[in-house]
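Me: Please take a close look at one part of this model. I would like the buried interior, and then how the exposed loop residues contrast with that interior.

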Amino acid sequence: MTLLEIIAALLALSALFGLVNYRILKLPHTIGLVVVALMASLIIVGLEALRPNLGISESVLTLLKSIDFRKVLLEGFLAALLFAGAVHVNLSDLAENKWAIALMATIGILISTFVVGGLIWLVASWVGFHLPFIWALVFGALISPTDPVAVLSILKHIKVPRLLQAKIAGESLLNDGVGVVVFTILVAIAVGAGAPDGGAIDTLSVIKLFLIEALGGAVLGLVAGLITYALLRVVDEHIIEVMITLALVTGVYALALRLHLSGPIAVVVAGLLIGNQGARFAMSESTRQHVFQFWTLIDEILNSVLFLLIGLEVLLIGRNFEQTWLALAAIPIVLGARLLAVSIPIGLLSIRKQFTDGTIRVLTWGGLRGGISVALALSLPDTPYKDAILTMTYVVVVFSILVQGLTMERLVGTLDSKPQS
């Protein structure tokens, strides 16, 4: 299929499934798209089982195989989605919660990675599946970051206390960049450990790689954001200013990838700067309105296509569900690890600072996983463990979006309304 045909098919399906959800299911738009796409996938599988000669499954599989989900997300959609999310986040709220966000996005990711990896390794051994410990850690790394796309999509539809929302949004925007770096390091170790020459990566190299990618990405985003801020100050034409922000997003992400820095962190830092200082001091009211409307629209369109793809991916992944019990066990393991990753940083900070009652509960349940985890799993090299990791990832992601996403509003409604941090 040509690129134009793929884009046309995805937009048409997004519009059709969105209409079905709007008229029948009436779920939040992105969750509804996943549900309808999953239902359509299951119907296709059922029809294929009853009437193999119809060829419906093959037609849809041809479309899905034409799309490199990893490239579409990690090298396409992600930059725009992260920037669109970051420009709407209040920087002063983030600053007020900087220690909680920083600890959860760093120490929390490492805690979750090792807890998930260790428990999955034990369960895999128990069910008789040989999964090396390093590959179990790889799964822990790719599933531990909360997905900013899924999290911010849900936050649009529910009323969360201001500072708690800042914690959830801020952590999700930053921890995926950290998570991708940890994932990259662990995959390099795993591949090196299995190489004929037994090549390994020492601790110093790991620390150096982490600092270069994470801090380098942040510095790149800050520099690019400041340059863009200076350009916006000398222009008062909304079309040009929208184009400048679009050039910032694509340019800084592409440059980060070229320099082997963290693209997600670079885009988030730039987005926070433009969405706060840039909007306040470098844009007129008319420009501010046009820029924010543009990125809101981009966010909604790309979100629609992304969540549609998540629902349809079951046609590709669903044929590799040999490790069903391991995949089901991954759900409580990931939730338990998330609870620890939130409780430890918040517990340490609560010695000197009071948090809203129910903060740990909401942060744990609100740690949604999404397309980034699926994309990272799909990016793994072909090994005997890839199918199992992919299956676990998809099951956790679908549970996260459907079950956690649909019950978040009810959980938030149980919070104490006292104005705490």
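Reply: What follows starts with the whole fold, moves into the core, and ends at the loops.

This is a predicted model. The fold is helical: 19 helices and zero strands. The radius of gyration is 21 Å, and a compact globule with 421 residues would have one near 22 Å, so the two agree. Along the principal axes, the C-alpha atoms fill a box of roughly 60 × 50 × 50 Å.

Now the interior. Of the 421 residues, 54% are buried. Among contacts with a separation of 6 or more, 83% join residues 24 or more positions apart. The largest nonpolar core holds 142 residues. Leu-73, Ile-120, Trp-135, Val-138, Phe-139 and Leu-142 have the most contacts inside this core. Helix α19, residues 386-412, gives the most to the core, with 14 residues.

Trp-135 deserves a closer look. Setting aside neighbours within four places in sequence, Trp-135 contacts Ala-190 and Val-191, among others. Its partners also include Leu-380, Pro-381, Thr-383, Tyr-385 and Ile-389. Of these, Ile-389 falls within the residue range 386-412 of helix α19.

Next, two buried positions in neighbouring helices of the numbering. Thr-245 sits in helix α12, which spans residues 238-258. Its relative accessibility is 0%; the cut-off for buried is under 20%, so Thr-245 counts as buried. Beyond four places in sequence, Thr-245 touches Phe-83, Ile-274, Val-291 and Trp-295. One of these partners, Ile-274, lies within the residue range 263-281 of helix α13.

Val-268 is itself in helix α13. With a relative accessible area of 1%, Val-268 is buried as well. Residues up to four places away left out, Val-268 touches Leu-82, Ala-86, Leu-173 and Leu-174. Val-268 and Leu-222 are separated by 46 residues in sequence, and their C-alpha atoms are 9.4 Å apart.

Which residue gives an intermediate case, partly exposed at 32% relative accessibility? It is Leu-91. Leu-91 belongs to helix α5, residues 91-96. Beyond its sequence neighbours within four places, Leu-91 is in contact with Leu-272 and Asn-276. Both partners fall in the residue range 263-281 of helix α13. Leu-91 and Ile-372 are 281 residues apart in sequence, with 24 Å between their C-alpha atoms.

Now the loops. Lys-26 lies between α1 (3-25) and α2 (29-50). Its relative accessible area is 60%; exposed means over 50%, so Lys-26 is exposed. Lys-26 is not a glycine, yet its phi is positive, about 55 degrees.

His-260 gives a second case. His-260 is in the loop between α12 and α13. At 60% relative accessibility, His-260 counts as exposed. His-260 has a positive phi too, about 60 degrees, although it is not a glycine. The contrast with the interior is clear in this stretch: Thr-245 in helix α12 is buried, Val-268 in helix α13 is buried, and His-260 in the loop between these helices is exposed.

Last, the surface as a whole. The accessible surface comes to about 18,700 Å². Carbon and sulfur atoms account for 68% of that area. The protein has 25 positive and 26 negative charges, and their mean positions are 7 Å apart.

Methods
Residues numbered from 1 in each chain as written. Predicted model: local features only at pLDDT ≥ 70, side-chain atom pairs only at ≥ 80, totals over all residues. Heavy atoms only, no water. Helix = DSSP H or I, 4+ residues; strand = E, 2+ residues; numbered from the N terminus. Rg over C-alpha atoms; globule rule 2.2 N^0.38 Å. Buried < 20%, exposed > 50% of the residue type's maximum accessible area, 1.4 Å probe, protein only. Contact = heavy atoms within 4.5 Å. Areas by Shrake-Rupley, 256 points an atom, 1.4 Å probe, with all protein chains shown as cover. Lys, Arg positive; Asp, Glu negative; His and termini not counted. Charge placed at Lys NZ, Arg CZ, Asp CG, Glu CD. Core = buried A, V, L, I, M, F, W, Y, C linked by side-chain atoms within 4.5 Å.
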